[in-house]
Amino acid sequence: MFQMSHSMVDMTPHPQTWLKTTPSGLYCEPGGFYIDPLRPVERAVISHAHADHARPGHKAVLATEGTLAIMRTRMGTEAAGGAQQVLGYGERLRLGDVTITLHPAGHVLGSAQIAMEYQGARAIVSGDYKRQPDPTCAPFEVVPCDVFVTEATFGLPVFQHPEAEDEIGRLLASVAMFADRTHVVGCYALGKCQRLIAELRRAGYDKPIYLHGAHLPVCETYRALGVDLGELLLATVAAKSALKGAIVLAPPSAIADRWARRLEDPVVCMASGWMRIRQRAKAGGVELPLIISDHADWNGLLATIREVGAPEIWVTHGGEEALIHAATRLQIRARALRLIGYGDEDA
Ligand SMILES: [Zn+2]
Ligand SMILES: [Zn+2]
């Protein structure tokens, strides 16, 4: 099935009877596990390695190989989970009375939608996701379900992300025009940084790319998992002359402070879906805003809820109200899941 027909509704327990909101996060009762729990639990299934979803100290963690590898890099092997179990995309696993499968979410390397089947109904928790192509991770997979739990980080019609390729083109045009200045691009360390590098390489940029020290470890993990990023050098140890005309990637917190002032007449850039909001770029002292996001934009959210075909969606972090309103107009039942503790990495 996986679209509860009316005749089956009586026999099939609705996912809201077994997938529950708790102070620790979403709990799948018949499976005995939490999804992206906010505090340490016995058994966690983790959608991806961003800090708001992957927290340290769980007794047992189930996730993709990529997610577990990045968690170990960021928090150390021990904190990443007492028992760490890898589940590959599409592999079926029984946990308690639930069958679980992971499907690519297209968000960052290793990111997965978590699908749960229980007594004839399938619920999917998307985690964070995007629909734009990303050379560093597997594309979002559309999986039909009865309940789709969606994020809504950019759940307002104003958020329309242009093609990443075009934004990279704007960055490279600026680099060509201001050949004596250093372009410092604010981006978070997991996902955005590696995607920018890979997009620059795809656009033919083959010079070394310089990194803030905070960005190196996850890049090394991506490489170990088979993502080619070309030559990367640490900006902190580079001669100031070498940074003339170069591209430097750094955490958003570093681009406007003393760290960036050491660079050669820096052009401050920022890669984020929030750069759609002009005041936001201005307030952050951003000279070249790049609208590049690892979250679905408004149209991506709407396309996704249509394509998965679920008669019902639950909406988490972001623009819940607008998305619920739009879903209702598409004859999809929708409700807000008031989960606190999740946010956007560069909000
Ligand atoms: Zn995320
Ligand atoms: Zn998130």
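Reader: Where does lysine 240 lie?
Author: In this predicted model, lysine 240 lies in the loop that runs between strand E14 (232-234) and strand E15 (247-250).

Reader: How exposed is lysine 240?
Author: Lysine 240 is partly exposed, because its relative accessible area is 46%, and the exposed class begins over 50%.

Reader: Which residues is lysine 240 in contact with, leaving aside its neighbours within four places in sequence?
Author: Those residues are Arg262, Leu263 and Glu264.

Reader: And how far is lysine 240 from glutamate 165?
Author: The two are 75 residues apart in sequence, and their C-alpha atoms are 29 Å apart in space.

Reader: Glutamate 165 belongs to helix H3, I think. Is Glu165 on the buried or the exposed side of H3?
Author: Glu165 is exposed, as are Ala176 and Met177, on the other side of H3 from its buried residues.

Reader: Which residues of H3 are buried, then?
Author: They are Ala164, Glu167, Ile168, Leu171, Ser174 and Val175. Viewed down the helix axis, these residues fall within an arc of 120 degrees, so they line one face of H3.

Reader: What covers the buried residues of H3?
Author: The cover includes strand E12 (183-186), helix H4 (192-202), E15, strand E16 (267-271) and strand E17 (288-290). E15 is also the strand at one end of the loop that holds lysine 240.

Reader: What span does H3 reach?
Author: Helix H3 covers residues 164-177, which makes 14 residues, and it reaches 20 Å from first to last C-alpha, close to the 20 Å expected.

Reader: Changing topic: which protein donors does the zinc ion (ligand 2) have?
Author: The donors are His53, through NE2, and Asp128, listed twice through OD, at 2.2 to 2.8 Å from the ion. Histidine 53 sits in the loop between strand E4 (43-45) and strand E5 (60-63), while aspartate 128 sits in the loop between strand E10 (121-125) and strand E11 (147-152), so the pair links distant parts of the chain, 75 residues apart.

Reader: Are those two residues buried or exposed?
Author: Histidine 53 is buried, at a relative accessible area of 2%. Aspartate 128 is buried too, at 0%.

Reader: How far is ligand 2 from the zinc ion (ligand 1)?
Author: The two zinc ions are 3.9 Å apart, and aspartate 128 coordinates both.

Reader: E4 and E5 came up there. How do they run where bridges join them?
Author: E4 and E5 run parallel and are joined by three bridges. Valine 45 stands opposite leucine 62 in E5.

Reader: What is the order of strands in their sheet?
Author: The six strands form an open, mixed sheet in the order E1-E2-E3-E4-E5-E6. Strand E1 (19-22) and strand E6 (83-86) stand at the edges with a single partner strand each, so one side of each has no neighbour in the sheet.

Methods. Residues numbered from 1 in each chain as written. Chains lettered and ligands numbered in written order. Predicted model: local features only at pLDDT ≥ 70, side-chain atom pairs only at ≥ 80, totals over all residues. Heavy atoms only, no water. Helix = DSSP H or I, 4+ residues; strand = E, 2+ residues; numbered from the N terminus. Buried < 20%, exposed > 50% of the residue type's maximum accessible area, 1.4 Å probe, protein only. Contact = heavy atoms within 4.5 Å. Donors = N, O, S within 2.8 Å, 3.2 Å for Na, K, Ca; no water. Pairing = 2+ DSSP bridges. Expected span 1.5 Å × (residues − 1). Arc of directions from axis to C-beta.
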